[in-house]
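Work through the exercises below with the sequence and the model at hand. Each task is followed by a solution in steps.

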Amino acid sequence: MRRFRAAVVGLGQIGQGYDYNLSDGRTVLTHARAYTCHEGYEFVAAVDTDASQRKRFTECFGLPAYADMGTMMDRLRPEVVSLCVPTSLHLSSFRQIVHFSPRAVLCEKPMTGTVSEAKEMLRLAEENRCSLLVNYIRRFEPGVLALRETLQRGDVGKIEKGVCWYSKGILNNGSHYIDLCRYLLGGVTDLFVEENTWNIQDSDPEPDVRICFEQAPVYFLAAREECFSVGRLELMGTAGQVLYDDFGETIRIRKSSADALFAGYRVLSRECIEIATDMSRYQWHVIDHLYRHLEAGEPFPSDGRSALKTLAVIEEIRKLCKESNP
């Protein structure tokens with residue numbers, strides 16, 4: 001089996017933190033853990049400006065950690081680079097990375113802070129023939145893939161409306177569910193800010209938004225992250241209901257059936273069809289897809305172009321929020 005040399009730039013939570021103390025292979029939540037668990041990669045190094053993060057990385061993985069990205073890229077020439085630095089640094093870091101001609105960059109979401117930056121990043125990727133995967137993890141997770149097939153088969157009829165609860169900002173966490181709905185229900189045709197809780201000091205507002213996708217509108221409602229985190233999507237079809245809950249760890253289908261008590265009525269069946277998910281290893285599935293792309297040219301479910309479209313929706317929402325609170 002061919003192995004690709006891989007490195008991680010940025011050693012925060014998604015870089016190495018979330019599963020730092022979990023090494024049994026059943027939980028793969030970070031880029032660093034994913035490269036150590038997948039036999040198609042040779043994990044060679046990491047980069048972070050924080051000395052304490054570099055020390056933690058070397059203690060856990062036994063690999064070198066560099067303070068300077070250019071030095072690491074020049075010495076080790078990884079073929080695959082995970083970009084896990086703060087969003088505001090994505091474009092400048094990507095510009096440095098593509099100078100060394102890696103085959104692929106796996107960029108954390110959101111792709112950049114603005115559409116104009118994302119377009120420049122996409123231009124650089126295409127100009128340097130660098131595959132660009134954006135880490136909208138749900139597009140790679142087996143449960144979501146099975147759910148998409150369920151919807152395409154029409155198992156719950158025509159989707160008519162949806163409700164999504166999100167927290168921690170429309171850009172940070174809301175974008176996950178907007179991108180998921182784009183994947184399941186098609187492109188965005190219109191959007192309306194229903195309730196604006198925009199804080200002018202905060203670059204990531206939490207509005208209630210109605211977004212019209214090609215198949216159906218979905219109401220995105222903001223919950224207070226300071227109380228608890230939430231990620232939940234409910235879709236109502238003409239023949240049943242989909243519940244995507246617990247950030248994707250639970251997917252349930254309830255189909256309609258004849259009411260046993262009231263003749264002539266139809267209700268949602270109390271029996272649920274569970275769709276198996278593997279969210280505890282979401283990052284493994286992302287880099288496994290990346291491997292198939294590198295070996296066989298399999299297209300990405302989430303690439304620079306699809307992530308740019310999601311970012312454009314977010315930018316429009318932020319613009320409408322700002323206009324309503326000048």
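The exercises concern a predicted model and go from the whole chain to its largest pocket and then to two serines.

**Exercise 1. The chain as a whole**

Task: State how many helices and strands the chain has, and decide how its radius of gyration stands against the globule rule.

Solution.
- Step 1. Counting elements gives ten helices and 15 strands.
- Step 2. The radius of gyration is 21 Å, and the globule rule gives 20 Å for 326 residues; the two values are close, so the chain is as compact as a globular protein of that length.
- Step 3. For the extents, the C-alpha trace spans about 75 × 50 × 40 Å along its principal axes.
- Step 4. Buried residues account for 52% of the 326 residues.
- Step 5. Take the contacts between residues at least 6 apart in sequence: 68% of them join residues at least 24 apart.
- Step 6. The exposed surface of the chain comes to about 15,100 Å², with 48% of it supplied by carbon and sulfur atoms.

**Exercise 2. The largest pocket**

Task: Describe the largest pocket by its volume and its lining, and find which helix supplies the largest share of that lining.

Solution.
- Step 1. The space in the largest pocket is about 1,300 Å³.
- Step 2. Its lining consists of 48 residues; those nearest the centre are Gln13, Ile14, Tyr18, Glu108 and Asn172.
- Step 3. Helices α1 (13-17), α4 (69-76), α5 (90-98) and α8 (169-185) each give at least two residues to the lining.
- Step 4. The largest share is that of α8, with five residues.
- Step 5. Sorted by class, the lining holds 19 nonpolar, 18 polar and eleven charged residues.

**Exercise 3. Serine 93**

Task: Place serine 93 in its helix and decide whether serine 93 is buried or exposed.

Solution.
- Step 1. Serine 93 is part of helix α5, a helix that also contributes to the lining of the largest pocket.
- Step 2. The relative accessibility of serine 93 is 8%; the cut-off for buried is under 20%, so serine 93 is buried.
- Step 3. With neighbours within four places in sequence set aside, serine 93 contacts Met69, Leu83 and Val85.

**Exercise 4. Serine 306**

Task: Do the same for serine 306: which helix holds this residue, and is it buried or exposed?

Solution.
- Step 1. Helix α10, residues 304-324, contains serine 306.
- Step 2. Its relative accessible area is 11%, which is under 20%, so serine 306 counts as buried.
- Step 3. Residues up to four places away in sequence are not counted; serine 306 then touches Arg139, Asp179, Arg182 and Pro301.

Conventions:
Residues are numbered from 1 along each chain as its sequence is written. This is a predicted model: local features need pLDDT of at least 70, side-chain atom pairs count only at pLDDT 80 or more; totals for chains, interfaces and linings use all residues. Side-chain values use heavy atoms; hydrogens and water are left out. Helices (H or I, at least four residues) and strands (E, at least two) are DSSP runs, numbered from the N terminus. Buried means under 20% relative accessible area, exposed over 50%, partly exposed in between (1.4 Å probe, protein chains only). Contact means heavy atoms within 4.5 Å. On a 1 Å grid over the protein atoms alone, a cavity is a set of points where a 1.4 Å probe fits but cannot get out, and a pocket is an open set with protein on both sides within 12 Å along at least five of seven lines; lining residues have an atom within 4 Å of a point. Grid points are joined across faces, edges and corners, and a volume is the space filled by probe spheres set on the points. Ala, Val, Leu, Ile, Met, Phe, Trp, Tyr, Cys and Pro count as nonpolar, Asp, Glu, Lys and Arg as charged, and the others, Gly among them, as polar. The radius of gyration is taken over C-alpha atoms; the globule rule is 2.2 Å times the number of residues to the power 0.38. Accessible areas come from the Shrake-Rupley method with a 1.4 Å probe; for residues, only the protein chains shown count as cover.
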